[in-house]
There are 2 protein chains.
Amino acid sequence: MEKELLLLGLLRKQKMHGYRLMEFIDSNLHICTDLKKPTAYYLLEKMEGFGWVIQHEDSNGKRPAKKVYEITDLGETIFQSTLRSHLEKFEPPFFSNDTVYIFWDTIPELDRINLLQKKKSIIENEIKNLEKIPEHFGGTQILLDHQLFFLKSEQEWVEKLILKLLTNKVKQT
Amino acid sequence: MEKELLLLGLLRKQKMHGYRLMEFIDSNLHICTDLKKPTAYYLLEKMEGFGWVIQHEDSNGKRPAKKVYEITDLGETIFQSTLRSHLEKFEPPFFSNDTVYIFWDTIPELDRINLLQKKKSIIENEIKNLEKIPEHFGGTQILLDHQLFFLKSEQEWVEKLILKLLTNKVKQT
DNA sequence: GTATGAATAGTCAGATCTGACTATTTTAAC
DNA sequence: GTTAAAATAGTCAGATCTGACTATTCATAC
């Protein structure tokens, strides 16, 4: 429901057509969602079926008709309850790259260290990029703070793992 | 490719049929993947098409024929390169529940604190549960360590956020 | 004026994923 | 020995998602 929540929340502020929605999401919210354009159109149609949004053609002037979506009262109710249930919930994400650790013993020790070092530098770059972003508006700043906090925690973890590998190696020699 | 990697990696150790694979994943690897049974069967068939695995019917005795999957040389090559590329990569997960923060201003201040407190207690429970799990084998222990490290970081972050809200409230009064 | 590229708005076939189901065999209880 | 429950093995229709595409309009440069 996160994607639906996002769309509903944006439509609450202002009625819009799909393209405008995706434009906003792409340029401002890429940290918190991977919603793609065709999915957005698909979800808008689905939500129209549920009666969460209504759509009317806006054939302004010469341009071909645009489908402008607007949130309904039902949509607002859904938004409010979903918003609350998501704030209180906690669902750990899957670290899909972690699958490798299951097969840790397949990788020679030197490779492990080298590859982890690369991972570490990617994280460091991400941190630098995030720190460059100027203060955002309202809640989006919380989102950025969270991401940054998370990245720093990941950095620390990888550093510890590398250190552990290095000290193990020293012990062996 | 994480799901394919997982299946290939397990088939490397031992040829198996889909049910056995899923049994192992469900009972040991639920932390790192959300692979479900029908998806596993789908992926096995796909990988058979790619020549990464081969399948032969095992009609042992009375039971209806089982499809036993086995990794091929090509599959092993794919596994090795995918394993390495995943170890060096870092892709931050999407905290889908964070979508709420975009609409932070919609929620009354008291609700915010209450709901975050619930979130916090869920995290604390998860931590307790993870700490109960006895030492695992090999790489899987790294996976558990990572998850625990992450959860503690999340706990800290939520605590900080709650604290910030509380001090803001005091200032206002 | 017109060719070219960017912006605008959306669609579609095909890939991926899953809830709910089928079907058989084994185990256990009586 | 028969019935019920659990274990075993898999399937399928339908939901969800996306890469690649279409189609129109606007800007600009020549």
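Trainee: How much space lies in the second largest pocket?

Mentor: About 300 Å³, in this predicted model.

Trainee: What makes Ile102(A) and Lys13(B) lining residues of the second largest pocket?

Mentor: A lining residue has an atom within 4 Å of a pocket point. Ile102(A) and Lys13(B) are among the 15 residues that line this pocket, and both belong to those closest to its centre, along with Phe103(A), Phe24(B) and Phe137(B).

Trainee: Which element gives the largest share of that lining?

Mentor: α7(B), with three residues. By class, the lining has eight nonpolar, four polar and three charged residues.

Trainee: What lines the largest pocket?

Mentor: 44 residues, with Pro93(A), Phe94(A), Phe95(A), Pro93(B) and Phe94(B) nearest the centre. The pocket holds about 780 Å³ of space. Its lining divides into 19 nonpolar, 10 polar and 15 charged residues.

Trainee: Why is Arg20(B) said to make a polar contact with DNA strand D?

Mentor: The cut-off is 3.5 Å between N or O atoms. A polar side-chain atom of Arg20(B) lies 3.1 Å from a phosphate oxygen of the strand, so the pair qualifies.

Trainee: How do you know that Gly18(B) qualifies too?

Mentor: A polar backbone atom of Gly18(B) is 3.4 Å from a phosphate oxygen of DNA strand D. That is within 3.5 Å, so it counts. Lys3(A) also has a polar side-chain atom 3.4 Å from a phosphate oxygen of this strand.

Trainee: Which classes make up the surface near DNA strand D?

Mentor: Six nonpolar, three polar and 11 charged residues. Of the strand's atoms within 4 Å of the protein, 63% belong to sugar or phosphate.

Technical notes: Residues numbered from 1 in each chain as written. Chains lettered and ligands numbered in written order. Predicted model: local features only at pLDDT ≥ 70, side-chain atom pairs only at ≥ 80, totals over all residues. Heavy atoms only, no water. 1 Å grid on protein atoms, 1.4 Å probe; cavity = no way out; pocket = protein on both sides within 12 Å on 5 of 7 lines; lining within 4 Å. Points joined across faces, edges and corners; volume = space filled by probe spheres on them. Nonpolar A, V, L, I, M, F, W, Y, C, P; charged D, E, K, R; others polar. Helix = DSSP H or I, 4+ residues; strand = E, 2+ residues; numbered from the N terminus. Near = heavy atom within 4 Å. Polar contact = N/O pair within 3.5 Å; in protein donor to acceptor, adjacent residues only side chain to side chain.
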